[in-house]
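Biologist: Can you pull up the model and walk me through it? I'd like the fold, the core and a few odd residues.

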Amino acid sequence: MSVKSMSAGDRATPPAPTPLHPPRRQRSKVLVLVGVVLAAVCAAGTVAVFRPTSETISAVGVASPVRFGEVVTEAALREVEVHPTAGLEPIAWEDRSAIVGKSATSDLVVGNLVTRAQVGGQPLPRADQQLVGVPFKAGQMPAAAPAPRWPVLLASAESDGWQPIRATVLRVGVTEPNGSCVVDVVVAAADGPRLAAKAAASAVVLIMLPMGAG
């Protein structure tokens, strides 16, 4: 038995390796659609967040000062443009007639907005009250004049048994160079005449009470 030798040229050449290509990824139409929807929602949310800061409303502002207890007139109001802010409750300019003719429950300062909490009280004096202007000389009232709405006790400057009267300060006049000053006070209707008679004689002293004791 003979063995036939094979030369290198007679050997079969192995086949060339087949090149491998990574599989091509195909975009899912569903994912693309979801991305578009999310982008639209985010854009809408951004507009909703920043829109209130760019829009303004016409509100009621103060054109001329109105003191506590005074009646609000339309001439004292002016139209202003403001940005809506959380916690701020301005009165719309178109609703200003709702506060005209009513009494201010606090001082309205020029340049400020008007809120419903500042207006709406009954004009003073009410039907069961009277308004009396009481003059005071130096020494008949504290050096620090009481502010509007402050409760006070009005007593006689004479030893005549005159019964003191409780009152509420409406406004304080200008202090004259000699130290005298007129204070407008609201008292019960029954006390008005006797207080006016005593005030005409400049025989009243003012005693300030704790705030809230009225």
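Modeller: We'll go from the overall layout to the sheet, the core and then single residues.

Modeller: Ground rules for this predicted model: local features need pLDDT of at least 70, side-chain atom pairs count only at pLDDT 80 or more, and totals for chains, interfaces and linings use all residues. Residues are numbered from 1 along each chain as its sequence is written, and side-chain values use heavy atoms, with hydrogens and water left out.

Biologist: Fine. How many helices and strands in the protein chain?

Modeller: Two helices and nine strands. These are DSSP runs numbered from the N terminus: helices are H or I with at least four residues, strands are E with at least two. From the N terminus on, the order is α-β-β-β-β-β-β-β-β-α-β.

Biologist: What share of the residues is buried?

Modeller: 27% of the 214 residues in the protein chain. Buried means under 20% relative accessible area, exposed means over 50%, and partly exposed is in between (1.4 Å probe, protein chains only).

Biologist: And what about contacts between residues far apart in sequence?

Modeller: Take the contacts with a separation of 6 or more: residues 24 or more positions apart account for 64% of them. Contact means heavy atoms within 4.5 Å.

Biologist: On to the sheet. What is the strand order?

Modeller: It is an open sheet of five strands, 5-8-7-6-9, with antiparallel pairing. Two strands pair if DSSP finds at least two bridges between them.

Biologist: Which strands stand at the edges?

Modeller: Strand 5 (129–136) and strand 9 (204–208). Each has a single partner strand, so one side of each is left without a neighbour in the sheet. The twist averages 45° from one strand to the next. Axes here are lines fitted to C-alpha atoms, for helices over the stretch in contact, and angles run from 0 to 180 degrees between N-to-C directions.

Biologist: Give me some pairings I can click on.

Modeller: Strand 6 (residues 151–156) and strand 7 (residues 165–172) pair antiparallel over four bridges. Leu-153 stands opposite Arg-166 in strand 7, and Pro-151 has Thr-168 of strand 7 as its bridge partner. Strand 7 also pairs antiparallel with strand 8, over four bridges. There, Arg-171 stands opposite Asp-184 in strand 8.

Biologist: What does helix 2 touch?

Modeller: Helix 2 (residues 192–200) packs on the sheet and touches strand 5, strand 6, strand 7, strand 8 (181–188) and strand 9. Its direction makes about 15° with that of strand 5.

Biologist: How many residues are in the largest nonpolar core?

Modeller: 18. A nonpolar core is a set of buried Ala, Val, Leu, Ile, Met, Phe, Trp, Tyr and Cys residues joined through side-chain atoms within 4.5 Å. Those with the most contacts inside this one include Val-134, Phe-136, Leu-154 and Leu-195. Strands 5, 6, 7, 8 and 9 and helix 2 each supply at least two residues. Strand 8 gives the most, with four.

Biologist: What does Leu-195 touch?

Modeller: Not counting residues up to four places away in sequence, its contacts include Val-132, Val-134, Leu-154, Trp-162 and Val-204. There is also a second, separate core of 13 residues, which includes Leu-77, Ile-91, Trp-93 and Leu-108.

Biologist: Switching topic. How many aromatic pairs?

Modeller: Zero. The rule takes rings of Phe, Tyr and Trp (its six-membered ring) with centres within 6.5 Å; planes under 30 degrees apart are stacked, over 60 edge-to-face and the rest tilted.

Biologist: Which charges lie over a ring face?

Modeller: Arg-149 lies over Phe-68, at 5.1 Å from the ring centre. Arg-194 lies over Trp-162, at 5.0 Å. The test asks for NZ of Lys or CZ of Arg within 6 Å of the ring centre and within 35 degrees of the ring normal.

Biologist: Where does Arg-194 lie?

Modeller: In helix 2. Arg-194 is partly exposed, with a relative accessible area of 30%. Beyond four places in sequence, Arg-194 contacts Trp-162, Gln-163, Pro-164 and Ile-165.

Biologist: And where is Arg-149 found?

Modeller: In the loop between strand 5 and strand 6. Arg-149 is partly exposed at 39%. Its phi is near 80°, a positive value in a residue other than glycine.

Biologist: What is the phi of Ser-202?

Modeller: About 50°, positive although Ser-202 is not a glycine. Ser-202 is in the loop between helix 2 and strand 9, and is partly exposed at 22%.
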